[in-house]
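Trainee: Could you walk me through some backbone and packing features of this model? I'd like to learn how to read them.

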Amino acid sequence: MELLESEFVTHIPCEVCGSRDNAGVYTDGHTYCFGCAAYGQEEGSVEVKSATLNTKLISGAYKHLSSRKITEKTCRKFGYQVGIQNGEQVQIATYRNDKGHPVAQKVRTKDKKFSIVGDAKAMTLFGSHLNSNGKRIVVCEGEIDALSIAEVYRSPVVSLPNGAAAAKKAIIKNYDYLINFEEIILFFDDDTAGRDAALDCAEVLPVGRVLIASCAPYKDASEALVAGDAQTVINAIFQAKEYRPDGIVTAADTRASIGVPDAVSGIIYPYTRLNNITKGLRLGSLVTVAAGSGVGKSTFIREIAYQCHMDGHKIGMMMLEESVKRTAEGLVGIHLNKNITVDPDTSNREEILASFDDLTKDQQFYLFDHFGSTDMETIVSRIRYMNKALGCQVIFLDHISMLASGSLSQGITDERRYVDQIMSTLRTLVQELNICLIVVSHLRRPQGDKGHEGGASVQLSQLRSSHSVAQLSDFCLGIQVDPDNPTSGKRYLSILKNRHTGELGAAGVLKYDRKAGRLHEVDEDFEDLEF
């Protein structure tokens, strides 16, 4: 913000909120009020930057916190004041929303009682308005610790709105902000609550980017600063230990499970023969669905998603070639058993909305509104968020070829290597999160005159761009049209790879019902006489 790019000169009254000395004049001539976020010039009118003027916020003054060894300059930078509430002297930490506007204050009394003034729901991390990205950010439990660290360390530092008790919730809420930094150092109190909270928070942040600091023998950064030991604070940051999730076990730990048959998965496909062969959709697995253009890959994906949702499993859908409206309407159409996306006259809006409400009455499904954001980093971030924050067990990505084509806009010319990177990242992510990730892959055109849309069989070697798509998948499923009648609604399912049971080959016959927009399982001797 502008006030950070020039030097403070003096306090003045604020013409907008009327505070006596909450506004300041800076060396470049601008004025800024830390109470109401009014921004303008020393002479002339003052522009209100905040969306609404929050008159409930308390006016205070910036002072040197001598007992904490925190300077007035640091308090002013972060927006930490001393004021009066209900006749009692209090300390006031001003919190901002994601646009940098003051929206709430955390008020601390002498006996360490806390209260919130303003819009608590809009609060971000304390101090987050000062930096939007960088090499490293330090996250601590409280405002005093943040100010203490800022006294001796120049890089970005923020604190949680409600301490260790609600640490994980605050980290999830501010996830998109935190991942703008290459390293995230959790500098929580060196007690049981702080250590447990640090581990909980590390679990929802990107693996490999989280470090956990310890200020021992002191409880926290403030205690070290008061003791005159600033070096311990610095050492705690630079000697922070990289967090790695649990998962390394000895051979002896596996003895009890050896020889015990794996249970059939509780997450199933909507097709009997496919379930019999694969034993269902398994957590920790990567499933690739492949078919020619226009064969029905997206319809097949929606049928699986609908089955999972109706069985009570939380799902996330990242359909990169369609809008979230189209995806939602597709699931509602399945629920109605009507193809409302192709023929909207089959249902009126009241019936559609009633079906939507019935579909989501017990739990939501989650969609990725991509708006063209198909870079790999964004996709991985949203998959992790869907799992960690929203609890999604099964996530659909349609399709991998869209990610590959997006590489050209990033200046990447070797599509094959880029797909290798994508698949390696997704494979690691599936194991890390223990999710079932179902991705769609396009196929290379086969040799000869007959393409896949004309009935050519689907082969594992035809997966587009890279052999890593097949190599890193646990299951590969193919969908093929009827070679004798390609324009019919008949579809053949085949298993091209099966890491779980090893069984390959025919996995059933489906019929595409154009009127309902659905793929139903039928007998193998089914003949589509309708088309």
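Mentor: Happily! Asn434 sits in the loop between helix H14 (415-433) and strand E20 (436-441). Helices (H or I, at least four residues) and strands (E, at least two) are DSSP runs, numbered from the N terminus. This is a predicted model, where local features need pLDDT of at least 70, side-chain atom pairs count only at pLDDT 80 or more, and totals for chains, interfaces and linings use all residues. Residues are numbered from 1 along each chain as its sequence is written, and side-chain values use heavy atoms, leaving out hydrogens and water.

Trainee: What is the phi of Asn434 near, and is Asn434 buried or exposed?

Mentor: Its phi is near 55°, a positive value in a residue other than glycine. Buried means under 20% relative accessible area, exposed over 50%, and partly exposed in between (1.4 Å probe, protein chains only). At 43%, Asn434 is partly exposed.

Trainee: And where is Lys112 placed?

Mentor: Lys112 lies in the loop between strand E9 (102-108) and strand E10 (114-118). Its phi is positive too, near 65°, and with a relative accessible area of 53% Lys112 is exposed.

Trainee: Which residues touch the most other members in the largest nonpolar core?

Mentor: A nonpolar core is a set of buried Ala, Val, Leu, Ile, Met, Phe, Trp, Tyr and Cys residues joined through side-chain atoms within 4.5 Å. Here the largest has 42 residues, and Leu274, Leu281, Phe300, Phe396 and Ile438 touch the most other members. Helix H9 (residues 297-310) gives the most to this core, with 6 residues.
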